[in-house]
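Student: I am new to this structure and would like a close look at a single part of it. Please take me through that part slowly and tie it to its surroundings.

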Amino acid sequence: MKNKMLANYRIFAKSLLAMFLLCSIADVQAEPEAKKGTVLITGANRGLGLALSKQFAADNYHVIGTARSPEKATELKKVANEVLALDVTSDESIKALAKTLNGKTIDILVNNAGYFGPTLGLGTERDKSATLKTLTRSEVLDCFAVNSAGPIFVTQGLIPNLLASKQPKIIIISSRSGIINQSRSAGAYGYRISKTAVNRAVKIMSVDKALGNSIVVAIAPGHNQTDMGGDRAKLTPDQSMKMVKTLIEGLTKKHDGGFWYYDGKKLPW
Ligand SMILES: NC(=O)c1ccc[n+]([C@@H]2O[C@H](COP(=O)([O-])OP(=O)(O)OC[C@H]3O[C@@H](n4cnc5c(N)ncnc54)[C@H](OP(=O)(O)O)[C@@H]3O)[C@@H](O)[C@H]2O)c1
């Protein structure tokens, strides 16, 4: 009788242990994998911004994509964790974004939003249209507002969010068009000089104490098949942005204040 009770007790104890182990395994499996960090990408509703959002979202980052018209950003909504409104030329818009993000950490800020001008891309018909004869003041100033001042003031507005990160990374998507010692053809004055200007800002931001220990870099994405780059471009946005994501993840202090090509090579200013 005593032996039978002991045997039953052993069976009961083993069952309890088995149930406990099964529950623990189930708990581990149900636990969502912690996010690798938060990345905010401007101009994320199409082109390179959308492709980069996809790359980060697929690798378990918390992605905040911004768009001038979030209600129309259908593709981005399928990908990003948050879709927020931002016009990089508007102080009110930047303030509203900062208010929405108050208290949240941003580990990676990608200033991607860009404007080429009223005509189409370099190497296409628009290239010839924007020579000095036809260039307008508004083309130059609009390019500066989006491509040069935009990244500076978006970064300024998000300083508290960036400083909350252990190692903030601030990326400016620039262009080889901004390289000073390289002009095979005339045209695209506004675009080209606005990218040269923002490259200068990168160098200054990299030594600005207001940005703490941030790493600030300019990245040229290569010629891509987007609305801006046109159909004849060599790269697809997915190809280029896959490499840009790898480059961003691998950024260290030795990259700080530098101008990098999407494949990781150093570019001249
Ligand atoms: N594609 C290339 O070959 C190439 C080469 C070198 C550098 N880049 C650079 O890469 C970046 C992305 O280019 P992309 O080819 O993806 O261009 P894109 O297809 O023309 O997309 C531009 C993005 O910027 C946004 N944007 C424009 N003005 C804005 C503003 N005021 N505020 C907020 N967002 C604004 C657009 O929003 P809306 O949809 O509302 O217009 C869109 O989301 C740009 O900085 C560009 O200069 C591109």
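Student: In which helix does Asn199 lie? Please start there and work outwards.

Tutor: The model is a predicted one, and what follows describes that prediction. Asn199 lies in helix H8, which runs over residues 189–205.

Begin with Asn199 itself. Its relative accessible area is 3%, so Asn199 counts as buried, the cut-off being under 20%. The side chain of Asn199 has a partner: a polar contact of 2.7 Å joins it to the side chain of Ser174.

Next, take the end of the helix. Met205 is also in helix H8, and residue 205 is where the run 189–205 stops. With a relative accessibility of 11%, Met205 falls under the 20% limit and is therefore classed as buried. Ten residues separate Met205 from Ile215 in sequence, and their C-alpha atoms are 9.1 Å apart in space.

Now go to the other side of the helix. Ala188 belongs to the loop between strand S5 (169–173) and H8. The phi angle of Ala188 is positive, near 50°, although the residue is not a glycine. Ala188 has a relative accessible area of 1%, so it is buried as well. In sequence Ala188 and Leu132 are 56 residues apart, while from C-alpha to C-alpha the distance is 9.2 Å.

A second residue with a positive phi can be set beside Ala188. Asn60 has a phi of about 65°, and Asn60 is not a glycine either. Asn60 sits in the loop between H2 and strand S2 (62–67). Its relative accessible area is 18%, which means that Asn60 is still buried under the 20% cut-off.

The ligand brings H2 and H8 together in one description. Tyr191, a residue within the range of H8, has a side-chain N or O atom 2.6 Å from an oxygen atom of the ligand. For Thr226, a polar side-chain atom is 2.5 Å from an oxygen atom of the ligand. Gly43 takes part through its backbone: one of its polar backbone atoms is 3.2 Å from a ligand oxygen. The ligand on its own would expose 900 Å², and the protein buries 92% of that area. Helix H2 (47–58) and helix H8 (189–205) are the elements that each give two or more residues to the shell around the ligand. There are 27 residues around the ligand, and those that come nearest are Asn45, Arg46, Arg68, Tyr191 and Thr226. Sorted by class, this shell holds nine nonpolar, 13 polar and five charged residues.

Strand S5, on the far side of the loop that holds Ala188, gives a link to another strand. Ile171 falls within the range 169–173 of S5, and its C-alpha is 5.9 Å from that of Asn111, although 60 residues separate the two in sequence. Asn111 is found in strand S4 (residues 108–111). With a relative accessible area of 3%, Asn111 is buried, so it is on the same side of the 20% cut-off as Asn199.

One more helix completes the tour. Helix H6 covers residues 137–157, 21 residues in total, and spans 28 Å from first to last C-alpha, close to the expected 30 Å. H6 has a bend of about 50° at Gly150, with a proline, Pro151, following within four residues. The buried residues of H6 include Glu139, Cys143, Asn147, Gly150, Pro151 and Val154. Ala145 is in H6 too. Its relative accessible area is 26%, so Ala145 is partly exposed, above the 20% limit for buried residues. Ala145 and Tyr115 lie 30 residues apart in sequence and 9.1 Å apart in space, taken from C-alpha to C-alpha.

To return to the starting point: Asn199 is a buried residue of helix H8, with a side-chain polar contact to Ser174, and its helix also gives residues to the shell around the ligand.

Key: Residues numbered from 1 in each chain as written. Predicted model: local features only at pLDDT ≥ 70, side-chain atom pairs only at ≥ 80, totals over all residues. Heavy atoms only, no water. Near = heavy atom within 4 Å. Polar contact = N/O pair within 3.5 Å; in protein donor to acceptor, adjacent residues only side chain to side chain. Areas by Shrake-Rupley, 256 points an atom, 1.4 Å probe, with all protein chains shown as cover. Nonpolar A, V, L, I, M, F, W, Y, C, P; charged D, E, K, R; others polar. Expected span 1.5 Å × (residues − 1). Bend = angle between axes of the 7 residues up to and from the residue. Buried < 20%, exposed > 50% of the residue type's maximum accessible area, 1.4 Å probe, protein only.
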